[in-house]
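Let's take a walk through this structure together, one piece at a time. Keep the viewer open as you read.

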Amino acid sequence: MLNRSKASLESTPQGNRFNLPTAELKEIAKKLRRHVITMIATAGSGHPGGSLSAADIITALYFKILCHNPENPQWPDRDRFILSKGHAAPILYAALAETGYFPLTELSTLRRLDSRLQGHPDSNFTPGVEMSAGSLGMGLSFAIGVALAARLDSKNYRTYVLLSDGECQEGQTWEAALSATHFKIDNLTTIVDCNGIQLSGWTRDIMNLEPFIEKWQAFGWHTIDIDGHDLNQILSAGQEAEKMKGKPTVIIARTIKGKGVGFMENNVAFHGKAPTWEEAERALKELA
Amino acid sequence: MDEASTRETYGKTLVELGRQNRDIVVLDADLSPSTMTSFFAREFPERFFNCGLQEQNMIAIAAGLAASGKTVFASTFAVFVICRCFDQLRLCISQPNLNVKIVATHSGITVGEDGISHQAIEDLALCCALPSFTVVVPADAIEAAEATRVASNNRGPFYIRLSRPKTPIVYHKNYHFTLGKAVTMRQGTDATIMATGIMVAKALEAADVLARQDIDCRVINMHTLKPLDEAAIVKAASETGAIVIAEEHLAQGGLGSRVAQTVAREKPVPMEFVNLGDRYASSGKAEELLQRYGLTARDIEESVKLVIKRK
């Protein structure tokens, strides 16, 4: 278990930030993946593939990049993280629990009646959840609103939003992409978890998004192309995005759906299917 | 009756509110010269965002701003914001109960010549279906201004429905609007006409005509569709024994459906309904359309006679 002593929450001029070395981040990402497997197996339903593909990105955000205060989730100066790909709620809940927003024991209540951990993120119930999501394509717009509010209030907090590549098939994502450039939004970092797979198959077969990077560039965005499982690349891309002024930045994170669990990797079936207990045990062994 | 534009009043009231509260932000989707948010844009350009022809984006941006402490007014034509953005209204605003005021203009068939693509006639059904929304249909420009102020001062999602044409003034300028409290415009004992929006003036006109025939009608302005003033409904049903509903909307899901639910549960009495029925309208001048589709004082008058016969 992560040492959640006060010492691990470092005070910076901008606020509080977990500031862990990369080696430790790797272990945390593994731990979050284990939570995802256990949570979804316990719930008997959920979306393991897209949680596992986003695990390293979420780890980098919650344990290194974000200034946040788990003891005061509404702290006005916190960095905001918005999970637009709402079906990856389990990996977000795992990070929120490990950073202290709510007890780890609560993770086993995922998707149960009266649980604060709804099937998709719900800002009414869950401490640390900024946006109710799950209907795809809305998160980038919402994040632009949050970023505009920061600008209006002359606040220094930064907004982060995680999209899936599949949800870039939604027209609203491109409305938002246009407007982010138009409004010169540079206090927002957009990350696309490009795992290449959606519910019923490979994105290239369902509704091809390529040429993907060129689309964002044509919409006026600064793009950074990285391996979304390489923590160093995620962290340096985060820094590069912060430095970019006058235009929005998107980090295209190339990931593997189901990353970390051999039989789930690149396996369409595990987009939205819970592992059996036998499968979960195999997965947990692999993630040990 | 004098006439005034509800949308012009809205635009001017927004400026007044913007001066008092610097957390007010206004969004529009390329229609600010028509919705009259242009007044606000001129005075507070830094707090106004023209989102272009991106209504869905606009609604989710509004949610993000509201989640960050802003009081957000988002305006465009009713049909584009309600019909096109229903999922965004539902998940981004209604469910998280965010402080976004949807003030839509050009509602109903009185949009006129632009035709059905521009005529929101199902918007009340859709908005009333959203759990945390407050839904208000002002009867005139004075009430539109009051409703805008009240929306600004009450947290949570609002839908305020305004019209394109000028609307007859039915209130004194000192009128004080109380959210969720129906206004008895005229006392009466033979039947009650409950109307909303532009139909309030027509209901008063019908009541005048009926009075000359010794039919004494109560007229109630149900400006707030949600939450509904159930006490006023029960009182009207008990005291007048018959109710006619008049609204510029389809038969389903609007004021008629909502009042009928209360009447059926609390005090069943005969009811008649003056509305568009279950059909789309067409292009034409506003007054011609109201005639063609049965939304005149005369239609209300006939419904009152019918409902009284059923008592």
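Before we set off, keep in mind that this is a predicted model. A good place to begin is helix H1 of chain A, which covers residues 22-43. At 1.5 Å a residue, its 22 residues should span 32 Å, and the end C-alpha atoms are 31 Å apart, so expectation and model agree. Just after H1(A) comes A:Gly44, whose phi is positive, near 80 degrees.

Which residues of H1(A) are buried? They are A:Leu25, A:Ile28, A:Ala29, A:Leu32, A:Arg33, A:Arg34, A:His35, A:Val36, A:Ile37, A:Met39, A:Ile40 and A:Ala41. The cover over these buried residues includes several other helices of chain A, among them H2 (48-53), H3 (55-65) and H4 (89-99). Helix H9 (231-243) and helix H10 (277-286) of chain A also belong to that cover.

Now zoom out to the whole of chain A, which has ten helices and nine strands. Its radius of gyration is 18 Å, close to the 19 Å that the globule rule gives for 288 residues, so chain A is as compact as a globular protein of that length. If you prefer dimensions along the principal axes, the C-alpha trace of chain A spans about 50 × 50 × 35 Å. Of the 288 residues in chain A, 53% are buried. The contact pattern can be put in numbers too: among contacts in chain A with a separation of 6 or more, 75% are between residues 24 or more positions apart.

One backbone detail in chain A deserves a stop. The peptide bond from A:Glu210 to A:Pro211 is cis, with omega near -5 degrees. You will find A:Pro211 in the loop between helix H7 (203-207) and helix H8 (212-218) of chain A.

From here, let's cross over to the other chain. How many residues does each chain bring to the contact? Chain A brings 20 residues and chain B brings 22 residues. On the side of chain A that touches chain B, helix H5 (139-152) and helix H6 (171-182) each supply at least two residues. H5(A) gives the most to this side, with nine residues. Sorted by character, the residues on this side of chain A are ten nonpolar, eight polar and two charged.

In chain B, look for an open sheet of five strands in the order S9-S11-S10-S13-S14, with mixed pairing. Strand S9 (183-186) and strand S14 (271-274) of chain B stand at the edges, each with a single partner strand, so one side of each is left without a neighbour in the sheet. On average, and with direction ignored, neighbouring strands of this sheet are turned by 25 degrees against each other.

Within the sheet, strand S10 (residues 191-195) and strand S11 (residues 217-221) of chain B run parallel and are joined by five bridges. In this pairing B:Ala195 stands opposite B:Asn221 in S11(B). Helix H10(B) packs on the sheet, touching S10, S11 and strand S13 (243-246) of chain B. The direction of H10(B) makes about 175 degrees with that of S11(B).

The approach to that helix holds another cis bond. It joins B:Lys226 and B:Pro227, with omega about 0 degrees. B:Pro227 sits in the loop between strand S12 (224-226) and helix H10 (230-240) of chain B.

Two residues of chain B other than glycine have positive phi. For B:Met36, phi is near 70 degrees, and this residue lies in the loop between helix H2 (32-35) and helix H3 (38-43) of chain B. For B:Asn97, phi is near 55 degrees, and its place is the loop between helix H6 (86-94) and strand S5 (100-104) of chain B. Are these residues buried or partly exposed? B:Met36 is buried, because 26 other C-beta atoms lie within 10 Å, whereas B:Asn97 counts as partly exposed, with 17 C-beta neighbours inside 10 Å.

Our last stop is B:Val307, in helix H13 (residues 297-309) of chain B. B:Val307 is buried, because 23 other C-beta atoms lie within 10 Å. Leaving aside neighbours within four places in sequence, B:Val307 is in contact with B:Ala191, B:Ala242, B:Ile243, B:Val244, B:Pro270, B:Met271 and B:Glu272. By contrast, its C-alpha atom is separated by 48 Å from that of B:Ala67, a residue 240 residues apart from B:Val307 along the chain.

Methods
Residues numbered from 1 in each chain as written. Chains lettered and ligands numbered in written order. Predicted model: local features only at pLDDT ≥ 70, side-chain atom pairs only at ≥ 80, totals over all residues. Helix = DSSP H or I, 4+ residues; strand = E, 2+ residues; numbered from the N terminus. Buried ≥ 20, exposed ≤ 12 C-beta atoms within 10 Å, placed from the backbone. Contact = placed C-beta atoms within 7 Å. Expected span 1.5 Å × (residues − 1). Nonpolar A, V, L, I, M, F, W, Y, C, P; charged D, E, K, R; others polar. Rg over C-alpha atoms; globule rule 2.2 N^0.38 Å. Pairing = 2+ DSSP bridges. Axes fitted to C-alpha atoms, helices over the stretch in contact; angles between N-to-C directions.
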